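Q: Could you take a close look at one part of this structure for me, and then walk me outward from there? I'd like to know what is covered, what is open, and what pairs with what.

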Amino acid sequence: LRFIHLREFTISLFCCIPTIIYTKSVAVRPMASPHNLSWVAWFCRLRGNEFFCEVEEEFMRDRFNLTGLSEQVPHYRAALDLLLDHESEEDDAETSSKEMDMHEQAAEMLYGLIHARYILTNQGISQMLEKWTNGDFGRCPRFFCTGQPLLPTGLSDVPTESVVKLYCPRCMDLYNPKSSKHQTVDGAYFGTSFPHMVFMVHPELRPDPPTSSYVARLHGFQIHAKAYQLQYDASSVFKHPMIDLSSFVGP
């Protein structure tokens, strides 16, 4: 396939640069033979795709796991061939570069939707938990969550409706990814059920809710819950005082 050769050539160019990637203070050099990567491995190593895990080929070959996706993904056959590193029947010598780009985009969409299903399986959960324990998805910015690792989730299972969010199992709230490179990832590629499935399968991993919360104080005294409303009502009366009309009424 022409686009595969181009992809391999592009990766080879980058790997010719003697760059050192630092991960947890350990210097790791790029792989010696990146052109041997499968499409899935190549995709998951792209900048911005760090939240994805590598779906097993056996899972993608099972037609049951792909039920309904052919109606959602354009160029489905060509896209699936890309994921499985097969020579597509639609990609021949006469296929234009524009059509190849369309097939590549379709492959990314198909992989994302397959990924959302895969991470609900035991194997998928296991792979994502490894990322979670390493803090690969980021940590909760809330002070009282004490750096709780986050899990990716979506607000919709329909592609292009929302971007990926990060769920904190301690405060049970959602946050935007810290890095801008993750803020364009489709939330449907992780689905709306993933974090909750994780803790259904592994309830022992669910953290306890925060034991402390912020208490507003003024000069050392705790502010009553109704204090702001009372202050607002008092200021409204001061700004618009009631006029005693009795002085204007004759005997």
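A: Let's start with Asp81, which is buried in this predicted model: its relative accessible area is 7%, and the cut-off for buried is under 20%. That is a covered spot for a charged side chain that has a partner, Arg77, with which Asp81 forms a salt bridge at 3.3 Å, N to O. The two residues sit four apart in helix α4, so about one helical turn separates them. As a general point, an α-helix has 3.6 residues a turn, so residues three or four places apart point the same way. Arg77 itself is partly exposed, at 42% relative accessibility, so this pair joins a buried acid to a partly exposed base.

Now zoom out to the helix around that pair. α4 is mostly covered, with seven of its eight residues buried. Those seven are Tyr76, Ala78, Ala79, Leu80, Asp81, Leu82 and Leu83. Arg77 also belongs to α4, but with a relative accessible area of 42% it counts as partly exposed. If you follow Arg77 across space rather than along the chain, you come to Ala107: the two are 30 residues apart in sequence, and their C-alpha atoms are 9.4 Å apart. Just past the end of α4, Asp85 takes a positive phi of about 60°.

What does α4 help to build? It is one of the elements that give two or more residues to the largest nonpolar core, alongside α2 (39–44), α3 (57–61), α5 (97–118), α6 (122–133), β4 (165–168) and α7 (194–201). That core has 50 residues, and the members that touch the most others are Trp39, Leu110, Tyr111, Ile114 and Phe190. Helix α5 gives the largest share, seven residues. Both domain 1 (39–87 + 100–125) and domain 2 (137–205) contribute residues, so the core lies between the two domains.

Back to the charged pairs. The whole structure holds four salt bridges, and the Arg77 to Asp81 pair is one of them. Another sits in helix α3, where Arg61 and Glu57 are four residues apart, about one turn of the helix. Their side chains meet at 2.4 Å, N to O. Here both partners are partly exposed: Arg61 has a relative accessible area of 43%, and Glu57 has one of 41%. Set that beside the α4 pair, where Asp81 is buried.

A further bridge runs between Lys181 and Glu50, with the closest N and O atoms 3.3 Å apart. This pair links distant parts of the chain, since Lys181 is in the loop between β5 (173–175) and α7, Glu50 is in the loop between α2 and α3, and 131 residues separate them. Lys181 is partly exposed at 26% relative accessibility, and Glu50 is also partly exposed, at 28%.

For a buried polar residue elsewhere, try Thr153 in strand β3 (residues 151–153). Thr153 counts as buried at 4% relative accessibility. Its side chain reaches the backbone oxygen of Gly191 at 3.2 Å.

Then there's the outside. Leu120, Met197, Met200 and Val201 make a nonpolar surface patch of about 340 Å². Val201 is in helix α7, and at 34% relative accessibility Val201 counts as partly exposed. Helix α7 is also among the elements that give two or more residues to the big core.

Finally, a couple of backbone oddities in loops, to go with Asp85. Thr160 has a phi near 70°, a positive value in a residue other than glycine. You'll find Thr160 in the loop between β3 and β4, and it counts as exposed at 71% relative accessibility. His219 has a phi near 55°, again positive in a residue other than glycine. His219 lies in the loop between β6 (217–218) and β7 (221–222), and at 75% relative accessibility His219 counts as exposed.

Conventions. Residues numbered from 1 in each chain as written. Predicted model: local features only at pLDDT ≥ 70, side-chain atom pairs only at ≥ 80, totals over all residues. Heavy atoms only, no water. Core = buried A, V, L, I, M, F, W, Y, C linked by side-chain atoms within 4.5 Å. Buried < 20%, exposed > 50% of the residue type's maximum accessible area, 1.4 Å probe, protein only. Domains from an automatic or database assignment. Patch = residues over 30% accessible without salt bridge, like charges linked within 9 Å, V, L, I, M, F, W, Y side chains within 5 Å. Areas by Shrake-Rupley, 256 points an atom, 1.4 Å probe, with all protein chains shown as cover. Polar contact = N/O pair within 3.5 Å; in protein donor to acceptor, adjacent residues only side chain to side chain.
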